[in-house]
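Here is a quick tour for anyone meeting this protein for the opening time. Have a look around the picture before reading on.

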Amino acid sequence: MTISGFKIIECPYCTKQYKSRLIGSFGTYGAELYSDGYISSCFIPESLDIIKCYNDACGNFFRGKEAKVVAELDRDDFNNPLWKDTIYLGGYQINAIELEEALEQAFCKTKDEEIIIRTMLLHRYNDLVRYDRSLDFSSYEEEKSLTNIGRLLALLTIDEENINRMLLRAELFREKGDFDYCIQTLQGLKTDSAFILKRIQKIYSQAKIKDSKVANLNEAAIKKEYQCDQCKKSIIVFDLDKLNSPYAYQYYRCVQENKVFTAPSKHKNPKKSYQLNFWQKLLHIKKPYENFILRKNVPCNHCNSPETELFTPSKQKCIECKSGSYTPVKWFDVELKDIIS
Ligand SMILES: [Zn+2]
Ligand SMILES: [Zn+2]
Ligand SMILES: [Zn+2]
């Protein structure tokens, strides 16, 4: 991102002034991309869409883009004495509490405005677990986030021509735990864009392992094919390390059906738990407790049989002939046709 200069803008309600940067250009090279459409903020400043006035007596919300511009400054004129003490917005980012407040005050006049603000709110809630997937929403945050997701889904009506909208719908279904709807929404999407394909693949793979947290697209969703060196039968599994699941998903084999399935290998620690508050999570000032403990006797998620065993192809005998060993033969990304079938 390059800064081409600065501008002085004014709150339309109380005329308090702010200094904000003018962006010359920005690229997404090296940026972190996420399944909820968020791109790390130092590259693309979504934040100036809405500002809460710092003036306590005012406190109104206004749009940075629509605010009156009082002056424009050159790149090297940041310290211009006239506006030396003006609050600099820099990488200003409105927080979830303020966005909720703006929505309550009926800041949005149209459906499209509400979609923008609620998408920002989605990003703010997801920020709580975005950079540290071992964290969880508190029950309060979860309730708030789910309410926002529900409202967004109602606003984002189905429009198959609009792939970004359909992808966001799929992601919202995934984040609220409707994994089947998520996969259904992804089916039939077509794209030539490598970036969109990456997002489809990631949302799909996380839905497949029933993970509802926001996910980093740069961590690939790669599948691996193993082949038995004796009977030559092969098996395709997700590379679970790459799916960075908070519940540490594992493959298990149901002994009765000789079938492989995925399930979380851990569950929430019911003891010695405490909730981190919003700021503790956001600023990483307190470590989470040991959230998860190992599950014992994971039942088959198909026939419910308790007779299951961990399935790690690289470490065990072939499940078909019971004597051969598996060797990886192929790594590949999820393809669109896998999602469609
Ligand atoms: Zn104001
Ligand atoms: Zn075999
Ligand atoms: Zn079974």
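Two strands count as paired if DSSP finds at least two bridges between them. With that in mind, look at strand S9 (residues 249-254) and S13 in this predicted model: they run antiparallel and are joined by 3 bridges. One spot to find is Arg-253, whose bridge partner in S13 is Glu-309.

These strands belong to an open sheet of 3 strands, in the order S10-S9-S13, with antiparallel pairing. Strand S10 (259-264) and S13 are the edge strands, each pairing on one side only. Ignoring direction, neighbouring strands here are turned by 40° against each other on average. As background, strands of a sheet pair through backbone hydrogen bonds, either parallel or antiparallel.

Now zoom out. The protein has 341 residues, and 23% of them count as buried. Its secondary structure comes to 8 helices and 14 strands. Take the contacts with a separation of 6 or more: 63% of them link residues 24 or more positions apart.

How far can you trust the picture? The mean pLDDT of the protein is 85, and 88% of its residues reach 70 or more. Among the elements, H4 has the highest mean pLDDT (96), while helix H8 (residues 336-340) has the lowest (64). Where pLDDT is low, the predicted coordinates should not be read in detail.

Next up is the largest nonpolar core, which has 28 residues. Leu-121, Ala-170, Cys-182, Leu-186, Ile-203 and Tyr-204 are the ones with the most contacts inside it. Several elements give two or more residues to this core, including helix H2 (111-130), helix H4 (163-175) and helix H6 (194-208). Strand S4 (61-62) is also one of these elements. Where does this core lie relative to domain 1 (2-94) and domain 2 (97-194)? Both domains give residues to the core, so it lies between them. In soluble globular proteins, nonpolar side chains tend to be buried together.

There is a hairpin to see as well. Strand S7 (residues 222-228) and strand S8 (residues 234-238) run antiparallel, with 5 bridges joining them. Tyr-226 has Ile-235 as its bridge partner in S8. The hairpin has 5 residues between the strands, and Lys-232 takes a positive phi near 65° there.

Two asparagines also have a positive phi. For Asn-258 the value is about 50°, although this residue is not a glycine. For Asn-297, likewise a residue other than glycine, phi is near 45°. Asn-258 is found in the loop between S9 and S10, and Asn-297 lies in the loop between strand S12 (292-294) and S13.

Are these loop residues, and Ser-323 further along, buried or exposed? A residue counts as exposed if 12 or fewer other C-beta atoms lie within 10 Å of its own, and the table gives the counts.

| Residue | C-beta neighbours inside 10 Å | Status |
|---|---|---|
| Asn-258 | 10 neighbours | exposed |
| Asn-297 | 7 neighbours | exposed |
| Ser-323 | 11 neighbours | exposed |

Finally, stay with Ser-323 for a moment. Its place is in the loop between strand S13 (308-310) and strand S14 (326-333). Which residues does Ser-323 contact, leaving aside its neighbours within four places in sequence? They are Gln-230, Lys-317 and Cys-318. Ser-323 and Cys-228 are 95 residues apart in sequence, and their C-alpha atoms are 9.0 Å apart in space.

Definitions and conventions:
Residues numbered from 1 in each chain as written. Chains lettered and ligands numbered in written order. Predicted model: local features only at pLDDT ≥ 70, side-chain atom pairs only at ≥ 80, totals over all residues. Helix = DSSP H or I, 4+ residues; strand = E, 2+ residues; numbered from the N terminus. Buried ≥ 20, exposed ≤ 12 C-beta atoms within 10 Å, placed from the backbone. Contact = placed C-beta atoms within 7 Å. Axes fitted to C-alpha atoms, helices over the stretch in contact; angles between N-to-C directions. Core = buried A, V, L, I, M, F, W, Y, C linked by C-beta atoms within 7 Å. Domains from an automatic or database assignment. pLDDT = per-residue confidence, 0-100.
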